[in-house]
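Hi there,

Here is the structure I promised to pass on. Have a look at it first, and then read on for what turned up when I went through it.

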Amino acid sequence: DEKGISLLYDKYGSALYGVIFRILKDSGLSEDVLSQSMLKAWDKLDSYDAEKATLFTWLMAIARNTAIDKKRLKSYENNQKTD
């Protein structure tokens, strides 16, 4: 549902982007990871449990983990190129 994901972007996108950017330090890559994170969250929305965390905290964990995974992948790819 485009309207639903758009609401997530409008409400949380800026804050999530900030966290992602602090991890990756690359604006283009951070935008990609934000999009990936939002799609992951949207696909897993039924697994969100309000008793365990706020929606923002849950989204933040997804965004943070996605950014860390991307950073590790980039580091691995760079190491493979230099070997």
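**What is in the model**

The protein has an average pLDDT of 93, and 99% of its residues score at least 70. Please keep in mind that this is a predicted model. Of its elements, H2 has the highest mean pLDDT, at 96, and H3 the lowest, at 92.

The protein contains three helices and zero strands, so to speak an α-α-α pattern when read along the sequence. Its C-alpha atoms fill a box of roughly 45 × 25 × 20 Å along the principal axes. Out of the 83 residues, 30% are buried. Taking the contacts between residues at least 6 apart in sequence, 64% join residues that are at least 24 apart.

**The nonpolar core**

In general, nonpolar side chains tend to be buried together in soluble globular proteins. The largest nonpolar core here has 20 residues, and those touching the most other members are Leu16, Ile20, Leu24, Met38 and Leu59. H1, H2 and H3 each give two or more residues to this core, and H1 gives the most, with eight residues.

Leu59 is a good place to start looking. Leaving aside neighbours within four places in sequence, Leu59 is in contact with Leu8, Tyr12, Leu16 and Ala41.

**Helix H2 and what covers it**

How far apart should the ends of H2 be, given its 17 residues at 1.5 Å a residue? The expected span is 24 Å, and the end C-alpha atoms are 24 Å apart, so the two agree.

At the start of H2, Asp26 places a side-chain oxygen within 3.1 Å of the backbone nitrogen of Gly28. Just before that comes Lys25, in the loop between H1 and H2. Lys25 has a positive phi of about 55° although it is not a glycine. With a relative accessible area of 63%, Lys25 is exposed.

The buried residues of H2 are Leu29, Ser30, Val33, Leu34, Ser37, Met38 and Ala41. The cover over these buried residues includes H1 and H3.

Two polar residues illustrate this from either side:

- Ser30 is in helix H2 and counts as buried, because its relative accessibility is 0%. Not counting residues up to four places away in sequence, Ser30 touches Tyr17, Ile20, Phe21 and Leu24.
- Thr66 lies in helix H3 and is also buried, at 4% relative accessibility. With residues up to four places away in sequence again set aside, Thr66 touches Val33, Gln36, Ser37 and Lys40.

**Aromatic pairs**

A pair of aromatic rings is described by the distance of the centres and the angle of the planes. Searching the whole structure gives three aromatic pairs. One of them is formed by Tyr17 and Phe21, which are stacked at 6.0 Å centre to centre with 20° between the planes. Both residues lie in helix H1 (residues 2–24), four residues apart, or about one turn of the helix. An α-helix has 3.6 residues a turn, so residues three or four places apart point the same way.

Are these two rings buried, exposed or partly exposed? Tyr17 is partly exposed, with a relative accessible area of 23%, and Phe21 is partly exposed as well, at 34%.

Another pair is made by Tyr48 and Trp58, which are tilted: their centres are 5.4 Å apart and their planes are at 55°. Tyr48 lies in the loop between helix H2 (27–43) and helix H3 (55–82), while Trp58 is in helix H3, so this pair ties together parts that are 10 residues apart in sequence. Burial splits the two partners: Tyr48 is partly exposed at 24% relative accessibility, whereas Trp58 counts as buried because its value of 16% falls under 20%.

**Where to look when you open it**

If you have only a few minutes, turn to Leu59 and its contacts with Leu8, Tyr12, Leu16 and Ala41. After that, try the stacked rings of Tyr17 and Phe21, and then the tilted pair of Tyr48 and Trp58.

Best wishes

Terms used. Residues numbered from 1 in each chain as written. Predicted model: local features only at pLDDT ≥ 70, side-chain atom pairs only at ≥ 80, totals over all residues. Heavy atoms only, no water. Phe/Tyr/Trp six-rings, centres within 6.5 Å; stacked < 30°, edge-to-face > 60°. Buried < 20%, exposed > 50% of the residue type's maximum accessible area, 1.4 Å probe, protein only. pLDDT = per-residue confidence, 0-100. Expected span 1.5 Å × (residues − 1). Contact = heavy atoms within 4.5 Å. Polar contact = N/O pair within 3.5 Å; in protein donor to acceptor, adjacent residues only side chain to side chain. Core = buried A, V, L, I, M, F, W, Y, C linked by side-chain atoms within 4.5 Å.
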